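This briefing is meant to be read alongside the sequence and the 3D view. Points are grouped by topic.

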Amino acid sequence: MKEVELRLALVLYGGVSLAIYMHGVSREILNLVRASSYRLERKSNSNFRNKPPEKMGPTQTAYQDLLDLLAPVADVRVVVDAIAGASAGGVNGIMLGRALAHDLPLDSHSEMWLENADVTRLARPQSGLSRYFKMSVSPVLDRLVSARLSRRIESPETQDKLRQFMQSRWFSPPFSGERFIGWMLDASLKMEVQRDAERTLIPRGQTLDLFVTITDYNGVKRRILLDDPDFVEEWDHRRILNFHAAHRSPHYVDSQFDARCIPELVFAARATSSFPGAFPPATVAEMERVLARRDEKWLNKDQFLAKCLRLSDETMARHCFVDGSVVMNKPFAPVIDVIKDRPAAREVARRLIYVDPTPLEQAPDDQRSTELPGFFRVILASLAHIPRNEPIGDDLKELEQNNRRSRWLSQLVDTAAPMVQEAVSGFLPKRRAITAEIVANCRRQATATAFEQAGFAFLNYQSLKLHALAERLAKLVSGLGGTDEASRQEEGLLTLFYERFSGIAAASADQLGRTDPAVIALLRGLDVDYRIRRLRFVIRKLNGFYNYDPSSDLPPPDTEELDRLKGLLYDQVDHLTWRWQDRFYGGRSQELAEELCAGGLTTDSREAAVRRFLDGMTQMMGLADLDRLQDELFAEAAAGSLDKERHTALLEAYIGFGFYDLITFPVLQRNDFSEVTEILVDRISPRDAESLYTEGFELKGKQLNTFGAFFNRSWREHDYLWGRLNAADRLVSVVLSSIGDAPLPQPEVNQARARIFLAILEEERGKLPEIQEEIERIDALIRSIYPDFAHVAEEV
């Protein structure tokens with residue numbers, strides 16, 4: 001059976017009270033991923049304790065029915081591996097990231113949005129004198145609300161809360177940041193109730209990255225090297241926080257989303273959503289005050305300040321943070337960068353999904369206003385509206401270029417495969433048993449042959465490899481240094497390492513450095529990335545074994561053995577990846593890095609420090625030991641898992657990787673060769689979810705300059721429910737597209753879609769008391785669109 005991994009990367013925009021709509025979208029994404037994960041666990045009946053609950057909710061069951069419907073064509077697994085959010089989208093991204101990393105519920109966050117996201121609860125307390133003064137002008141405010149807003153705002157609840165809001169603090173932010181922090185802490189801790197420490201929705205060997213944009217009001221100086229003058233400095237206000245989780249092995253998730261990390265996650269949520277003028281700027285001191293009142297500890301504070309914010313106890317008081325959408329409201333770039341370097345467990349269908357609650361209305365050019373804007377309108381647009389609506393065209397053009405390169409590269413590899421196979425097959429013995437020593441010797445011979453045949457093209461290849469290694473080492477030193485000063489030296493360290501590597505290559509008796517012992521020793525001791533690329537290339541080959549052609553002479557593959565072998569390969573990739581993490585190293589390595597970053601070194605002292613650091617890293621990395629382990633894996637473990645023909649094909653991919661790397665690395669110039677696939681872009685918005693769309697529909701939160709849902713409970717319930725329904729509609733379409741053009745029974749597909757819609761209504765019917773009439777209207781609409789459900793009981 002064909003197996004497809006539908007891999008989702010998410011971009012969540014800012015949108016003030018439209019955060020509640022995005023929360024509904026997030027819940028539905030979680031439901032689909034959870035249903036997919038539980039379904040495959042049940043099918044595999046693995047020994048891993050990641051057991052699904054005995055009873056799932058109606059919506060998750062309905063998603064499983066959809067995936068079962070597709071099973072005759074393809075077995076689909078849905079995975080989220082990257083999320084980026086700004087402002088309201090950042091808050092929801094943090095919630096969703098925690099839920100995915102540790103298979104946690106989002107019920108507590110739904111309660112937070114529906115109960116607490118109200119102006120009367122968000123408002124900061126006032127002094128008695130201030131409130132007394134504003135009460136004296138309340139008749140004026142009443143007339144203002146009645147005269148200017150009554151036609152647009154008909155809800156008495158909203159009008160009343162507008163009056164109260166206008167009586168809140170003037171000339172200072174009306175909302176309480178400390179209250180918001182407290183609610184986020186409460187909701188995050190409630191997620192931990194009945195948590196199974198070993199559960200995760202991240203597949204083994206894969207990672208989840210979350211990016212949250214915040215604006216550093218004070219900024220930090222950034223140095224840019226020039227010709228004349230030597231450098232200039234500028235203020236950089238943009239910070240992109242990165243939280244990471246990796247499912248490294250059974251029973252272990254290396255995570256920055258667990259309970260110990262709640263304070264820094266909540267601080268990120270507070271900072272990214274600190275809408276200018278609505279909330280006071282977020283500060284570390286504010287976070288510490290709230291935690292102190294609650295008698296809770298911030299265990300990772302120093303590490304978070306140093307690594308993520310580049311602050312210390314001395315400098316943190318000089319920095320405050322405001323809404324992430326000020327500097328980056330549509331954070332496509334970090335997601336695009338990270339998904340280019342993802343391993344593939346199966347055939348991958350990659351989708352980048354962005355959530356836009358208020359897409360641009362399509363209007364003819366001749367209907368656009370040509371009226372010259374007024375004074376205040378220009379100021380408001382320049383400071384708020386235009387920065388929050390930066391174009392996404394450049395990011396999407398970059399994706400299209402990546403897609404073209406992926407198509408071309410796949411064709412190139414397929415074209416080269418027969419020639420590489422012919423060149424490599426001569427190295428493997430025909431009758432002797434394959435041992436680890438034979439694999440190692442064949443690997444070295446094949447690599448040397450590939451480099452010899454490359455001619456002058458090898459010069460470019462070698463130069464790129466040395467420069468990539470210099471970049472990696474410079475970044476590692478910067479991380480080990482652990483200070484802002486070390487971070488600023490990264491560019492200089494890169495130059496230092498590359499000049500040394502280039503000098504070694506230039507001094508080689510072999511002009512191209514192909515056989516020089518010094519160059520070979522350098523790369524064998526430190527080139528982690530070449531080994532990662534090689535293993536991922538082999539995994540790509542292994543993935544092809546899942547697709548069985550009955551007309552071939554090969555026996556059907558044992559998919560359980562393929563999974564086991566691939567797990568062993570991913571373990572090796574993980575061991576290698578760890579070598580670039582500063583947490584892998586101890587005090588001695590940190591001392592060597594600090595010595596390199598120390599100022600006032602003479603040229604000779606600096607050279608000696610570089611030599612000591614490289615020697616120390618070579619010893620600490622232990623790549624020769626990993627090479628032996630991998631050779632044994634391909635000689636012995638692979639032989640036990642595969643038939644002879646497939647084992648030979650896998651060995652040829654491993655041994656002959658040098659030929660492919662000469663072709664692909666100069667093009668890719670990155671470590672990934674596993675996901676050479678197109679990245680397709682989809683949007684979730686009310687306008688795109690066409691199954692239940694009715695003309696004139698709008699989210700309630702769009703009103704009052706997107707603050708609307710904060711003024712009315714029924715509006716929050718409305719937008720939350722429609723967030724779930726819109727997301728379900730779009731996600732079903734994305735899942736269907738992932739299996740290609742295979743024919744499906746359309747009536748059954750329609751039934752599956754309708755069943756999901758009705759399951760959502762069933763789950764929310766008793767939880768959304770203010771919109772019961774709307775729920776019944778939607779129920780009737782679903783049954784009218786899908787006649788098969790016209791007489792089905794409401795119990796789904």
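In this predicted model, Asp682 and Arg351 form a salt bridge, with their closest N and O atoms 3.7 Å apart. Asp682 belongs to strand β8 (residues 679–684) and Arg351 to strand β7 (residues 347–355), so the bridge ties together parts that are 331 residues apart in sequence. Both Asp682 and Arg351 are buried.

**Other salt bridges**

- Asp627 pairs with Arg531 in a salt bridge whose closest N and O atoms are 2.9 Å apart.
- Because Asp627 sits in helix α25 and Arg531 in helix α21, this pair ties together parts that are 96 residues apart in sequence.
- Asp627 has a relative accessible area of 11% and is buried; Arg531, at 5% relative accessibility, also counts as buried.
- Arg628 forms a salt bridge with Asp625, and here the closest N and O atoms are 2.1 Å apart.
- Arg628 and Asp625 are both in helix α25, where they are 3 residues apart, about one turn of the helix.
- Arg628 counts as partly exposed at 48% relative accessibility, and Asp625 counts as partly exposed at 44%.
- Glu762, Arg765, Glu776, Asp779 and Arg783 are joined into one network by salt bridges that share partners.
- The structure holds 48 salt bridges.

**Helix α22**

- Helix α22 covers residues 559–578, which is 20 residues.
- From its first C-alpha to its last, α22 reaches 28 Å, close to the 28 Å expected at 1.5 Å a residue.
- At the N-terminal end of α22, Asp558 acts as a cap, with a side-chain oxygen 3.2 Å from the backbone nitrogen of Glu560.
- The buried residues of α22 include the nonpolar side chains of Leu562, Leu565, Leu569, Val573, Leu576 and Trp578.
- Lys566, Asp571, Gln572 and Asp574 are also among the buried residues of α22.
- The elements packed against by the buried residues of α22 are β4, β5 (252–255), α21 (528–543), α25 (623–641) and α26 (644–655).
- Two of these elements, α25 and α21, also hold Asp627 and Arg531, respectively.

**Surroundings of Ile214**

- Ile214 is placed in strand β3 (residues 207–225).
- With 0% relative accessibility, Ile214 counts as buried.
- Not counting residues up to four places away in sequence, Ile214 touches His237, Arg238, Arg239, Leu241, Ala268, Ala271, Thr272, Leu309, Phe321, Val322, Gly324 and Val327.
- Ile214 and Arg270 are separated by 56 residues in sequence, while their C-alpha atoms are 9.5 Å apart in space.

**Glu5 in strand β1**

- Glu5 is located in strand β1 (residues 3–12) and counts as buried, at 3% relative accessibility.
- The side chains of Glu5 and Arg7 make a polar contact at 2.3 Å.

**Positive phi angles**

- Most residues other than glycine have a negative phi.
- Ser87 is not a glycine, yet has a positive phi of about 55°.
- The position of Ser87 is in the loop between β2 (75–86) and α3 (88–102).
- Ser87 is buried, and its relative accessible area is 2%.
- Arg310 likewise has a positive phi of about 55° without being a glycine.
- Arg310 is found in the loop between α12 (301–307) and β6 (321–322).
- At 26% relative accessibility, Arg310 counts as partly exposed.

**Nonpolar surface patch**

- Ile224, Leu226 and Val232 make a nonpolar surface patch of about 200 Å².
- Val232 is part of strand β4 (residues 231–249).
- The relative accessibility of Val232 is 33%, so this residue counts as partly exposed.

**The chain as a whole**

- The protein chain contains 31 helices and 8 strands.
- Of the 796 residues in the protein chain, 54% are buried.
- The accessible area of the protein chain is about 36,100 Å², and carbon and sulfur atoms supply 52% of it.
- Taking contacts between residues at least 6 apart in sequence, 81% join residues at least 24 apart.

Key:
Residues are numbered from 1 along each chain as its sequence is written. This is a predicted model: local features need pLDDT of at least 70, side-chain atom pairs count only at pLDDT 80 or more; totals for chains, interfaces and linings use all residues. Side-chain values use heavy atoms; hydrogens and water are left out. Helices (H or I, at least four residues) and strands (E, at least two) are DSSP runs, numbered from the N terminus. Buried means under 20% relative accessible area, exposed over 50%, partly exposed in between (1.4 Å probe, protein chains only). Patches are made of residues with over 30% relative accessible area and no salt bridge: like charges are joined within 9 Å, nonpolar side chains (Val, Leu, Ile, Met, Phe, Trp, Tyr) within 5 Å. Accessible areas come from the Shrake-Rupley method with a 1.4 Å probe; for residues, only the protein chains shown count as cover. A salt bridge is a side-chain nitrogen of Lys or Arg within 4 Å of a carboxyl oxygen of Asp or Glu. A polar contact is a pair of N or O atoms within 3.5 Å; within protein, one must be able to donate a hydrogen and the other to accept it, and residues adjacent in sequence count only if both atoms are side-chain atoms. The expected span of a helix is 1.5 Å times one less than its number of residues. Contact means heavy atoms within 4.5 Å.
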